[in-house]
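Open the model in a viewer and keep a selection prompt at hand. The stops below are meant to be taken in order.

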Amino acid sequence: MLLENKTAIVTGATRGIGRAIAIRFAKEGCNVAFCGRSRGEKMIAVERELLAMGVKAKGYVCDVADMDQAQAFVKEVLADFGQVDILVNNAGITDDSA
């Protein structure tokens, strides 16, 4: 597998493009740490889906717009996974009504 024994952080992976990236990475053997702003149904579902693929996966609560939270998130990931090889900074909010 292309990404076997690698670890990725994917922000905003509880839905949409971030979720699709996390799933693709897991299919390639990559361990995935991801975050969202709350530990709700979506985060738990993504975590279960990734774990079912046989990789290490964990969802974390983090608002990446907050520097302190983002730094704490990375420290937790390093403690839990031991390394970070890939970062996909996907999280974002768009207001198309403006």
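The model is predicted. Begin with the charged side chains: searching the whole structure gives 4 salt bridges. Three of the stops below show such pairs.

**Stop 1: Arg39 and Glu47**

Select Arg39 and Glu47 and display their side chains. They form a salt bridge whose closest N and O atoms are 2.8 Å apart. Is each partner buried or exposed, or something in between? Arg39 has a relative accessible area of 41%, so it is classed as partly exposed. Glu47 is at 12%, and therefore counts as buried, the cut-off for that class being under 20%.

**Stop 2: Lys58 and Asp80**

Next select Lys58 and Asp80. Their closest N and O atoms are 3.0 Å apart, and the two residues form a salt bridge. This pair links distant parts of the chain, with Lys58 in strand 3 (residues 57-61) and Asp80 in helix 3, 22 residues apart. Lys58 is partly exposed at a relative accessible area of 32%. Asp80 is partly exposed as well, with a value of 29%.

**Stop 3: Lys56 and Phe81**

Now select Lys56 and Phe81, and turn the view until the ring is seen from the side. Lys56 lies over the face of Phe81, at 4.7 Å from the ring centre. As for rings paired with rings, a search of the whole structure finds 1 aromatic pair.

**Stop 4: the nonpolar patch**

Keep helix 3 (residues 67-81) on screen and select Leu78, which lies in it. Then add Val74 and Val84 to the selection. Together with Leu78 they form a nonpolar patch on the surface, and the three have about 200 Å² of accessible area together. Leu78 itself has a relative accessible area of 41%, which means it is partly exposed.

**Stop 5: Glu28 and its surroundings**

Select Glu28, in the loop between helix 1 (16-27) and strand 2 (31-36). Add Arg24 to see a salt bridge with Glu28, the closest N and O atoms being 3.0 Å apart. Is Glu28 buried or exposed? Its relative accessibility is 17%, so Glu28 counts as buried, because the limit for that class is under 20%. To see what surrounds Glu28, show the residues it touches, not counting those up to four places away in sequence: Met1, Leu2, Leu3 and Glu4.

**Stop 6: Gly29**

Move to Gly29, which is also placed in the loop between helix 1 and strand 2. With a relative accessible area of 11%, Gly29 is buried. Which residues does Gly29 touch, not counting those up to four places away in sequence? They are Met1, Leu3, Glu4, Asn5 and Val55. For a distance label, pick the C-alpha atoms of Gly29 and Leu2: they are 7.0 Å apart in space, while the residues are 27 apart in sequence.

**Stop 7: Asn5**

Asn5, one of the residues touched by Gly29, deserves its own selection. It is found in the segment before strand 1 (7-11). What should be read off its backbone is phi: Asn5 has a positive phi of about 70° although it is not a glycine. Most residues other than glycine have a negative phi. Asn5 is exposed, with a relative accessible area of 62%, where the class requires over 50%.

**Stop 8: helix 2**

Finish on helix 2 (residues 41-51), and select Ile44 within it. Ile44 counts as partly exposed, at 28% relative accessibility. Add Val64 and draw a line between the two C-alpha atoms: Ile44 and Val64 are 20 residues apart along the chain, and the separation is 19 Å.

Lys42 is found in helix 2 too. Leaving aside neighbours within four places in sequence, Lys42 is in contact with Thr14 and Arg15. For a last distance label, take Lys42 and Met67, which are 25 residues apart along the chain and have C-alpha atoms separated by 24 Å.

Technical notes
Residues are numbered from 1 along each chain as its sequence is written. This is a predicted model: local features need pLDDT of at least 70, side-chain atom pairs count only at pLDDT 80 or more; totals for chains, interfaces and linings use all residues. Side-chain values use heavy atoms; hydrogens and water are left out. Patches are made of residues with over 30% relative accessible area and no salt bridge: like charges are joined within 9 Å, nonpolar side chains (Val, Leu, Ile, Met, Phe, Trp, Tyr) within 5 Å. Accessible areas come from the Shrake-Rupley method with a 1.4 Å probe; for residues, only the protein chains shown count as cover. Helices (H or I, at least four residues) and strands (E, at least two) are DSSP runs, numbered from the N terminus. Buried means under 20% relative accessible area, exposed over 50%, partly exposed in between (1.4 Å probe, protein chains only). Contact means heavy atoms within 4.5 Å. Rings of Phe, Tyr and Trp (its six-membered ring) pair if their centres lie within 6.5 Å; planes under 30 degrees apart count as stacked, over 60 as edge-to-face and the rest as tilted. A charge sits over a ring if NZ of Lys or CZ of Arg is within 6 Å of the ring centre and within 35 degrees of the ring normal.
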